[in-house]
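Subject: The structure you asked about

Hi,

Here is the structure I promised to pass on. Have a look at it first, and then read on for my notes.

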Amino acid sequence: MKLRTQSIMKATLLTASVIIASGCAAVAKPQMSNDTAKSAAMMKSQSADDVLLYSNQCITEREVVNAQKMWGDGIVRIGSVFSNKGDYSNEAADFIQEMYGYDLSSVLFKPTLAANDQFRSSFDAALSYFVGGNDAYEEDKGFAIKPYTKVKFDNVGIINNSCRMAVAMGNYYFTDTTGGETKVEYTFAYVKDSEGDLRIVAHQSSLPYNPSSN
């Protein structure tokens, strides 16, 4: 009888210990609110989108220099197609698709020769700047169909310490068919897409300050 009583007491104590332990575990693992769960799900979805759209590899200065050469070659190529009476508009569309990130995110584009609509946040607005022909942007004469025969970049510096974005600033020089050269100031920001290609997400350019114009 004594042994049986002791067994019952041990069983009771063991059950109580399990209940207490379970209660502590429940306290230690709070339930997420609906808002927290939604936020976590959105962050996870955004992270998945980033993986699909962007590379996680750092951008090197050499890649920036190569991208600048590609940009300059593209401007010359558009002008050449125009001069040869080819489909320069399609050539410019391919150029924008290749060089700019309009399909990845917002693009901040403030071109040199734009006064009424200085900021071109859409693909069509950028295309109009390069080749003209869009009634919504009457000031556009087609920057790339001047045409130019050479574009030379002279970087003051390239910042890539944020790894996944690089920013370059300096002067670039556009040589026209008469041999005349135009100096323009620029700031370009680049990201790397999932294919490993650099894409422009910010582009600001302007003519140098002229004190005699005041």
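Below is what I found, going from the whole chain down to a single lysine.

First, a caution: this is a predicted model, so please read everything below in that light.

**The chain as a whole**

The chain has 5 helices and 5 strands. Starting at the N terminus, the order of elements is α-α-α-α-β-α-β-β-β-β. Of its 214 residues, 35% count as buried. If you take the contacts between residues at least 6 apart in sequence, 52% of them join residues at least 24 apart.

**The sheet**

The 5 strands make an open sheet with mixed pairing, and their order across the sheet is 1-5-4-3-2. Strand 1 (108–110) and strand 2 (148–159) are at the edges; each has a single partner strand, so one side of each has no neighbour in the sheet. From one strand to the next, the twist averages 30 degrees.

Two of the pairings are worth following on your screen. Strand 3 and strand 4 run antiparallel and are joined by 11 bridges. In this pair, Tyr-173 stands opposite Lys-183 in strand 4. The two strands form a hairpin with 4 residues between them, where Gly-179 takes a positive phi near 95 degrees.

Strand 4 (residues 181–192) is also antiparallel to strand 5 (residues 198–206), with 8 bridges between them. Here Glu-185 is opposite Ser-206, and Tyr-190 is opposite Ile-200. This pair is a hairpin too, with 5 residues between the strands, and Gly-196 in the turn has a positive phi of about 90 degrees.

**Helix 3 and its neighbours**

What does helix 3 lie across? Helix 3 (residues 61–83) lies across strand 2, strand 3 (165–176), strand 4 and strand 5, and runs at about 155 degrees to strand 2.

Helix 3 also meets helix 4 (residues 88–99): their axes come within 9 Å and cross at roughly 170 degrees. An angle over 145 degrees counts as roughly antiparallel, which makes helix 3 roughly antiparallel to helix 4. On the helix 3 side, the contact includes Ala-67, Met-70, Trp-71, Gly-74 and Ile-75, while helix 4 contributes residues including Tyr-88, Glu-91, Ala-92 and Phe-95. By type, the residues of this contact divide into 11 nonpolar, 1 polar and 3 charged.

**A buried lysine**

I would finish with Lys-192, which is found in strand 4. Is Lys-192 buried or exposed? Its relative accessibility is 3%, and because anything under 20% counts as buried, Lys-192 is buried.

What does the side chain of Lys-192 make a polar contact with? One partner is the side chain of Glu-63, at 3.0 Å. In addition, a polar atom of the Lys-192 side chain lies 3.1 Å from the backbone oxygen of Cys-58. Leaving out residues up to four places away in sequence, Lys-192 touches Tyr-54, Ser-55, Gln-57, Cys-58, Ile-59, Glu-63, Arg-164, Asp-197 and Leu-198.

If you open the model, you could begin at Lys-192 in strand 4 and go from there to Glu-63, its side-chain polar contact.

Best wishes

How values were computed:
Residues numbered from 1 in each chain as written. Predicted model: local features only at pLDDT ≥ 70, side-chain atom pairs only at ≥ 80, totals over all residues. Heavy atoms only, no water. Pairing = 2+ DSSP bridges. Axes fitted to C-alpha atoms, helices over the stretch in contact; angles between N-to-C directions. Contact = heavy atoms within 4.5 Å. Parallel < 35°, antiparallel > 145°, perpendicular 65-115°, else oblique. Nonpolar A, V, L, I, M, F, W, Y, C, P; charged D, E, K, R; others polar. Buried < 20%, exposed > 50% of the residue type's maximum accessible area, 1.4 Å probe, protein only. Polar contact = N/O pair within 3.5 Å; in protein donor to acceptor, adjacent residues only side chain to side chain.
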